[in-house]
Amino acid sequence: MVAGATTFFVMASGAPELDESLLKDPLSSKVYDMNGNKIYEFGAEKRTYVPLDQIPDDLKNAVLAVEDARFYEHHGLDVIRLGGAVVANLTEGFGAEGASTISQQVIKNSFFVEGEKKLTRKAQELWLAFQLERKYSKDEILEMYLNKIYYGVGNTYGVAKAAEIYFGKPLDELELHESAFIAGLGQNPGIYNPFVHPENAEKRRNIVLNLMVRHEFITKEKADAAKKIPIESSIVESKEQSHPIDSFMDQVKNELKEYGDIDVYNSGVKIYTTFDPEAQAHVDSLLANENPNIQFPDEQFQAGIAIVDTKTGEIRALGGGRNQAQNSRVNYALDNSNQPGSTIKPILDYGPAIEYLKWSTYHQIKDEPYTYSGPEKTPINNFDRKYMGQITARVALAHSRNIPALKAFQEVGVSKATEFANNLGITFEKTINEAYAIGGMSGGISPLEMAGAYATFGNQGNFIKPHAVTKIVFPDNREVDLAPEPETAMSEATAFMITDMLKSVMDFGSGRRYDVSGLQIAGKTGTTNYTAKNIKDFNIPAGGVPDIWFSGYTPSYTVSIWTGYGSNKNAIMPADQGLALKLFRDIITNLSEGKEAEDFVMPKTVVKVGVEKGSNPAKLPSEFTPKDEIVYEYFIKGTEPTEVSDKYDKLNPPSNLDVMYDQVTNQLNLTWAYAEGEMEGNSFEVSVSIDEGPAKVLTTTKELTFAVPDAIPGAIYKFSVAAVNDENPEKRSDPTSTTIEVPEPPEEEEEIEIPLPPGNPGNGNGNGNGGENGGETGGEGEGSGEGDGGGPIFPPLPPTNGDRE
């Protein structure tokens, strides 16, 4: 006991003096950009300080019920409350009641920042709480607390400002349900922001009402009546517009809270950040619709933009949205409620396949009709409802084919896919399933998370958590470096190969229209779709979609962009579905101006190999493979193909090709020979060229002969015969050729009519035999010349057999 007391007093001895100015006026925190210039100040705004007698009893009682019900009974430390807080957290939910007294919270918010040794700080905090209770009355301490507490939405401090911001009214007009809401908000203004999380806000308000009943501040009937009032019924939207820099400052606050729950509005720290004012100004101008070439369709259309240094993970700029009120804005750069669509494919499908299964960029996948593996066998479709057949992993990713992506996910398995995503800073609330393979998931991913994951591919597989704060300097000049260390998320080979596949998206895939000349860009598009029920319920026009993404990177910068509406009841129509790509092209061009363009370096663990197209498994091309049938792809060293394809190897040519002309049938008869052992599986292609004209295939036959009818007389026929493989027509022999000239037919002798010599026609009474003597002298008989051939014959007829005799 004595030793414990001694230790306590030793720890408490270094506590600062009670400073009344700090109790009422906090120390502001200053923020500096990447160049060391001051860009922002937390806590510099004036606060509306009100005395306790102007604060309604319902609000005071609500705060006491949830923060310190025995406030007026203890002296700074409430031992009984410690146990009560445990019970309340078990019955009402974690965070229902805090263990620290109001006096301790006043001291903590006024004099301490996280980062100091917890035990020492707690001892000093308790010691000062005792001093506070001795120096000030309970009402004075409660007044300090109610004017000091942070209530979210920018720099909202104190209950008076909270009433104005959330309900647009002075304190004396607050109703019971409104007072209960304000009292419950102080625990975590972000989670209970009614504009962003109305369900959380209403649940928290009702817990406060229950605690007010428990501690007998109100009756159960009053509490029940207040619970029936919807939280949204009295919330008013601020007329004040949010400021572009607020999005970056949200991330600053998040990181300081993660480090040690530092309240930037009270702690007086100096915060050094990665903020690039030029990059942020350019993003702001785009979101303000100042670029005539990139116009948003209406004022409600939103975009979330995250820009990260690929090599360091430093956040250069954040675009949190457009045209939003200060108290109801959503930071879409940090919002993780939107499904990522196909931008998830490198993370859950192809990245793990290369990392764990040693896939190459050539790996063959069949794009075909397919179903999910559940018992329902639900069909999965590509966006165009078509199929490309057997394709490479590179082509599948470049053209964003869903079926190959699911097949990759199935081969990898849920466990390995989840592990790979976790290594890239992507975590999931539930066990993932096959729908996640194409971006259909419970919840979503923020643009900043997606930028961090894609930057890992561009940074040789090293994951550096995206961060806005590099260091903080406390009022006592202590410095703390907050920049995270790199972590190996995957092999260099996987990072390079995915990067090269994503470059194909810009070369010939879904991003080809938005490539930037001179820059080495890798990236991926993403689109989500409505369910049939959504289309019916929301009356979605044809072609409308809820989300469009693009995430891309160079060796220097990574940019991730989400576009859509705050509510999925509004669809992105086809005319506006290119906005994410347009924004990316403009931003990456702007970031890269005046800088030397780099390329991604291939690691020694990767080899580039020429592969014969379509070979499965991959085969090396042979000397006969046509050049346009060779594709060059990347393999992890040691897994590259070694077998040479014989697809285009030449067969042995036919031999003894001969052709004969058959004059009787007027046809040409071809014959050839082929080794008997090589006949199986092969046929013979016969072609002909006539009179040096173009060659024409006549037939493909299994025979060793072929006849060509109706030969053209005098024509020169050149026949070629090649052996051709039956299964692969590209596999063939050199042709064997022979030539023949078809002979002309013999000429027929013409009958020549020779005139007879003049002579005496005779008297017509001759015997008409015209014998040998009559040949020259004519007939000797009488008559009129009508005899039977009495004239002479020329030339004389050859002698008959009788004559010879």
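Is Asn193 buried or exposed, going by its relative accessibility? I will start there, because at 11% relative accessibility Asn193 counts as buried, where buried means under 20% relative accessible area, exposed means over 50%, and partly exposed lies in between, with a 1.4 Å probe and protein chains only. Asn193 sits in the loop between helix H9 (176-185) and helix H10 (198-214), and, leaving aside residues up to four places away in sequence, Asn193 touches Val153, Leu185, Pro198 and Asn327, a contact being heavy atoms within 4.5 Å.

Before going on, a word about what we are looking at. This is a predicted model, in which local features need pLDDT of at least 70 and side-chain atom pairs count only at pLDDT 80 or more, while totals for chains, interfaces and linings use all residues. Residues are numbered from 1 along each chain as its sequence is written, and side-chain values use heavy atoms, with hydrogens and water left out.

Now the overall picture. The chain holds 23 helices and 25 strands, which are DSSP runs numbered from the N terminus, helices being H or I with at least four residues and strands being E with at least two. Of the 805 residues in the chain, 49% are buried, and among contacts between residues at least 6 apart in sequence, 68% join residues at least 24 apart.

Let me take the strands from the N terminus. Strand E1 (residues 29-32) and strand E2 (residues 38-42) pair in the antiparallel sense over four bridges, and here two strands pair if DSSP finds at least two bridges between them. Lys30 stands opposite Glu41 in E2, and the two strands form a hairpin with five residues between them, in whose turn Gly36 has a positive phi of about 85°.

A positive phi also turns up after a helix. Helix H16 (residues 402-412) is mostly covered, with nine of its eleven residues buried, among them Ile403, Leu406, Phe409 and also Lys407. Just after H16, Gly413 takes a positive phi of about 95°.

Which helix gives the largest share of the lining of the largest cavity? That is helix H18 (residues 447-458), with three residues. The count comes to one cavity of 30 Å³ or more, and the largest cavity has a volume of about 40 Å³. A cavity here is a set of points on a 1 Å grid over the protein atoms alone where a 1.4 Å probe fits but cannot get out, and lining residues have an atom within 4 Å of a point. The lining includes Thr310, Gly452, Asn459 and Ile464, and its residues divide into two nonpolar, seven polar and no charged; Gly is counted among the polar residues, and Asp, Glu, Lys and Arg as charged.

Further along the chain, strand E17 (residues 606-612) is joined to E18 by seven bridges, and the two run antiparallel, with Val611 opposite Val631 in E18. Five of the seven residues of strand E18 (residues 630-636) are buried, so E18 is largely enclosed by the rest of the structure.

Two open sheets follow. In the first that I will describe, three strands are arranged in the order E19-E20-E23 with antiparallel pairing; the edge strands are strand E19 (655-662) and strand E23 (705-708), each pairing on one side only, and the twist averages 15° from one strand to the next, taken between axes that are lines fitted to C-alpha atoms, with angles running from 0 to 180 degrees between N-to-C directions. Strand E19 pairs with strand E20 (residues 667-673) in the antiparallel sense over six bridges, and Asp662 stands opposite Gln667 in E20.

The other open sheet has four strands in the order E22-E21-E24-E25, again with antiparallel pairing. Strand E22 (696-701) and strand E25 (736-741) stand at the edges, each with a single partner strand, so one side of each is left without a neighbour in the sheet. Neighbouring strands of this sheet are turned by 20° against each other on average, direction ignored. Five bridges join strand E21 (residues 682-690) to E22, and Glu685 stands opposite Thr700 in E22.

I will close with a second asparagine. Asn682 lies in strand E21 and is buried, with a relative accessible area of 7%. Not counting residues up to four places away in sequence, Asn682 touches Leu651, Lys702, Val724, Asn725 and Asp726.

Definitions and conventions:
On a 1 Å grid over the protein atoms alone, a cavity is a set of points where a 1.4 Å probe fits but cannot get out, and a pocket is an open set with protein on both sides within 12 Å along at least five of seven lines; lining residues have an atom within 4 Å of a point. Grid points are joined across faces, edges and corners, and a volume is the space filled by probe spheres set on the points.
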